[in-house]
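This report goes through the backbone, the nonpolar cores and one sheet of a single chain. The sequence and the structure are shown first, and the reading follows.

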Amino acid sequence: MQWLVAESVWWGGRLRTGVALRVAPNGLVKPVPAELAPGGEDTRRFAGTLLPGLVDAHVHSALVDLGTVRAGGIAEVWDLGGVPARVAELAEQAREAGSALPRVRYAGPFLIAPGGYPSDRAWAPAGSWREIVTVADAGAAVAEASAAGATLIKVTAHAGGPQLELPVLSAVVAAAHASELPVVVHAEGPGTVAAACSAGADVLAHTPWTERIDDSLLQACAQRMRWISTLDIHGWGRPDDPDREVAVDNLRRFIGAGGTVRYGTDLGNGPLPAGINVREIRLLQSAGLTPDGVLTAMTESGSSTVSWLPGGLDPDPERFADALATARVLDADSRLHSS
Ligand SMILES: [Zn+2]
């Protein structure tokens, strides 16, 4: 057992003092009253704030340097599109003690209609997508992805090319749910968000940006889906990007309807900072998230990684994003592992 003590701890949705983190031998971290920490060499002390490991829920690890991403403060990533066998190797390396890589959770190949997005894109190598036609194909593809270690199923619904029939999309969701795997949909263009929602998908890989989502569909989405933000891919900080304005408006109304947001940047797609993205955080705030809401979108309950803000969390909405960008991933203490 290891104990982490800091001036403050952000955990379970709020900033607390008088709390220590207990790290179980299996790596699971739990907040406990600070007086339970025994002191001595099993207790590590920190200035500032400790919080669950920060997660970027939309990354393409083949297109970025994951070591730089971790050095930039991201403890865990979801890879939402690569060659699964390659990503599995990175995920394996990331699990080794003392690894400089963030933890990697990954999706299976993009499940697509024959000729569908992204098989027509230069960045999508063979193996990163798999064509399916029938309901039986859907079951087989999910089983293959799961056997290869994927814990997310990625599907595309892109109005600019061939799309899966709704019964096939629904069959993907049913098969994934039977294996307790969430389904992430890349929804792009008219009708695609509605298709993802009626098929029962769990997550959108991007906040919808191609059109305003009407209120009734938005309500349905808010009840059953999480949306990964990816707001900063629109313009990368350029003022008045129309797609970004549509996305922020959709996300603001999704949040207002009680929807759950995950912080994600689509890292690997365009000139994005390799690490915590201050612009993405500010855009989440402009869509209505409080600092606690942003941290909730960036973390997971049951975390086994810890991030550290040496200067402490700054809850002031104006300063919050810049302060959070100084977060570092806490390295496991090798002394405790070797004994
Ligand atoms: Zn992506």
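Is Glu180 buried or exposed? The model is a predicted one, and in it Glu180 is exposed, with a relative accessible area of 72%. Its place is in the loop between H4 and strand E12 (183–188), and its phi is near 60°, a positive value in a residue other than glycine. Asp240 likewise has a positive phi, near 55°, and is exposed, with a relative accessible area of 62%. Most residues other than glycine have a negative phi, and most peptide bonds are trans. The two residues are set side by side below.

| Residue | Phi | Relative accessible area | Loop |
|---|---|---|---|
| Glu180 | near 60° | 72% | between H4 and E12 (183–188) |
| Asp240 | near 55° | 62% | between E14 (226–228) and H7 (242–256) |

A further backbone feature concerns the peptide bond from Tyr117 to Pro118, which is cis, with omega near 5°; Pro118 is found in the loop between strand E9 (110–112) and strand E10 (129–131).

Turning to the interior, the largest nonpolar core has 80 residues, and those with the most contacts inside it are Leu54, Ile153, Leu251, Ile281 and Leu324. Helix H4 (residues 166–178) gives the most to this core, with 7 residues. Why does this core lie between domain 1 and domain 2? Both domain 1 (2–51 + 307–338) and domain 2 (54–298) give residues to the core, so it lies between them. Leaving aside residues up to four places away in sequence, Leu324 touches Leu51, Leu54, Ile276, Ile281, Leu295, Met298 and Leu309. Another core lies apart from the largest one and has 12 residues, among them Trp11, Val29, Val306 and Leu330.

The sheet considered here is open and is formed by 3 strands in the order E6-E7-E8, with parallel pairing. Strand E6 (55–59) and strand E8 (103–106) stand at its edges, each with a single partner strand, so one side of each is left without a neighbour in the sheet. Direction ignored, neighbouring strands of this sheet are turned by 25° against each other on average. Strand E7 (residues 76–79) runs parallel to E8 and is joined to that strand by 4 bridges; the bridge partner of Asp79 in E8 is Tyr106. Helix H2 (residues 84–95) packs on the sheet, where it touches E7 and E8, and the direction of H2 makes about 150° with that of E8.

How values were computed:
Residues are numbered from 1 along each chain as its sequence is written. This is a predicted model: local features need pLDDT of at least 70, side-chain atom pairs count only at pLDDT 80 or more; totals for chains, interfaces and linings use all residues. Side-chain values use heavy atoms; hydrogens and water are left out. A nonpolar core is a set of buried Ala, Val, Leu, Ile, Met, Phe, Trp, Tyr and Cys residues joined through side-chain atoms within 4.5 Å. Buried means under 20% relative accessible area, exposed over 50%, partly exposed in between (1.4 Å probe, protein chains only). Helices (H or I, at least four residues) and strands (E, at least two) are DSSP runs, numbered from the N terminus. Domain bounds come from an automatic or database domain assignment. Contact means heavy atoms within 4.5 Å. Two strands pair if DSSP finds at least two bridges between them. Axes are lines fitted to C-alpha atoms, for helices over the stretch in contact, and angles run from 0 to 180 degrees between N-to-C directions.
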